[in-house]
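Colleague: Please take a close look at one part of this model for me, the largest pocket. Once that is clear, I would like to see how the rest of the chain fits around the picture.

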Amino acid sequence: MSFTYKGLKAQTDRHIITDEELDRQIEKLHSSNPRIAVVKDRPTASGDEIVLDYAGFCDGIQFAGGTAENQTLVLGSGMFIPGFEEQLLDKVPGEQVTVKVTFPEQYHSAELAGKDAEFHCTIHEIRVKTLYELDDVFAQEVGGCYTFEEMKEQLRKSLQEYTDERGEMDLQDQLLQQAAATLEMTVSEEAREKAIDEQMKNLEAQLSRQGLTIDMYCSFLGNTVEDIREEMKASAENSVKINATIEKIVALEKLEATEEEIGQAIGVICRQNNMTVEQLKPHYDAELEQAVIKSVLTSKVMRLIRDAADVTVVS
């Protein structure tokens, strides 16, 4: 079988967003975006959201981590230590309240566990949350549209664009896999182990973001690190072949990553991580630069394969 990456055939099923899917997305927006009204004609009550400042003291000394300004708190939510929220009931904005509590014996800070404390609080605002009617007001204040019907159409359009984009990504991946299947190569044990190392590194980073370690993960699954590495062999070999396929096409087509394309890719990284280019600069080393160039070239290869493919789209 000769290496083939042009004229590949594939079928993609284009999913059309249904009314039911649109309604579910509207309901998510509806429930997660309540109308917030400021209350001025009564004192605080359970269920109110208040805005307050507080400063915590033990034995007359202000302690670290016990101070905040313009903090929001829903009374009755149980977010603060027992007894705190109850003492803020039946109070009015502008009122200064001294809240007296005792930290639990099992409190996470050993320095405060079991101790009596006072919080000097100032209530700034009382708020209540109510659900919008699904009408033009909801569209204007939440959806940024003039009418509710306009909001629905805009939402349907954005959902369809997202679905089409995911479908296109899946299609391009399918075509790349097809091309890789025609590449005659034997994956060496060294290359496979290196790919497994990379996958393990990514797994550990993912677990770390969730507050877990690889040992905890293994304990949950009832297996070992060696078991996980064994399970990764097939995907690691496939990863090596995919990378080799991309490199071969880059060489055959003499593809390059331009400065403009690299800059655009860096911009995407910054947006995804809510940072500026200046903030990224200290982290932009040779390794990251190579990763960015690789991502640009990979995108160009996948686009090239897609444009040269015979694709049947079924709605």
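Modeller: Happy to. Let me start with the classes I will use for the lining: Ala, Val, Leu, Ile, Met, Phe, Trp, Tyr, Cys and Pro count as nonpolar, Asp, Glu, Lys and Arg as charged, and the others, Gly among them, as polar. Please keep in mind that this is a predicted model.

By those classes, the lining of the largest pocket holds 13 nonpolar residues, together with eight polar and eight charged ones. In total 29 residues line this pocket, and those nearest its centre are E198, S239, N243, A291 and K294. The space inside comes to about 1,300 Å³. As for where the lining comes from, four helices each give at least two residues: α3 (148–181), α4 (189–209), α7 (233–253) and α10 (286–307). Of these, α4 supplies the largest share, with ten residues.

One of those helices, α10, is worth following a little further. R306 sits in α10, and despite being charged by class, R306 counts as buried because its relative accessibility is 17%, under the 20% cut-off. Setting aside residues up to four places away in sequence, R306 touches E168, L171, Q172, L175 and V311.

Next comes A265, which belongs to helix α8 (residues 259–272). A265 is buried too, at 15% relative accessibility. Beyond its neighbours within four places in sequence, A265 is in contact with V292 and V296. To give you a feel for distances across the model, the C-alpha atoms of A265 and Y107 lie 45 Å apart, with the two positions 158 residues apart along the chain.

That brings us to the chain as a whole, which has ten helices and seven strands. Its radius of gyration is 28 Å, well over the 20 Å that the globule rule gives for 315 residues, so the chain is more spread out than a compact globule. Along the principal axes, the C-alpha atoms fill a box of roughly 80 × 50 × 40 Å. Of the 315 residues, 30% are buried. If you take the contacts between residues at least 6 apart in sequence, 68% of them join residues at least 24 apart.

You may also wonder about the cysteines. The search of the whole structure turned up zero disulfides. C58, for instance, is in none, since a disulfide needs sulfur atoms within 2.5 Å and the nearest cysteine sulfur, that of C121, is 14 Å away. C58 is buried at 9% relative accessible area, and C145 also counts as buried, with a relative accessibility of 9%.

Two backbone details round off the tour. Most residues other than glycine have a negative phi. Against that background, look at N70, whose phi is positive, near 50°. N70 is placed in strand β4 (residues 61–74), and it counts as exposed, since its relative accessibility of 53% is over the 50% cut-off. D90, also not a glycine, has a positive phi of about 60°. D90 lies in the loop between β4 and β5 (96–102) and is exposed, with a relative accessible area of 57%.

Terms used
Residues numbered from 1 in each chain as written. Predicted model: local features only at pLDDT ≥ 70, side-chain atom pairs only at ≥ 80, totals over all residues. Heavy atoms only, no water. Buried < 20%, exposed > 50% of the residue type's maximum accessible area, 1.4 Å probe, protein only. 1 Å grid on protein atoms, 1.4 Å probe; cavity = no way out; pocket = protein on both sides within 12 Å on 5 of 7 lines; lining within 4 Å. Points joined across faces, edges and corners; volume = space filled by probe spheres on them. Rg over C-alpha atoms; globule rule 2.2 N^0.38 Å. Contact = heavy atoms within 4.5 Å.
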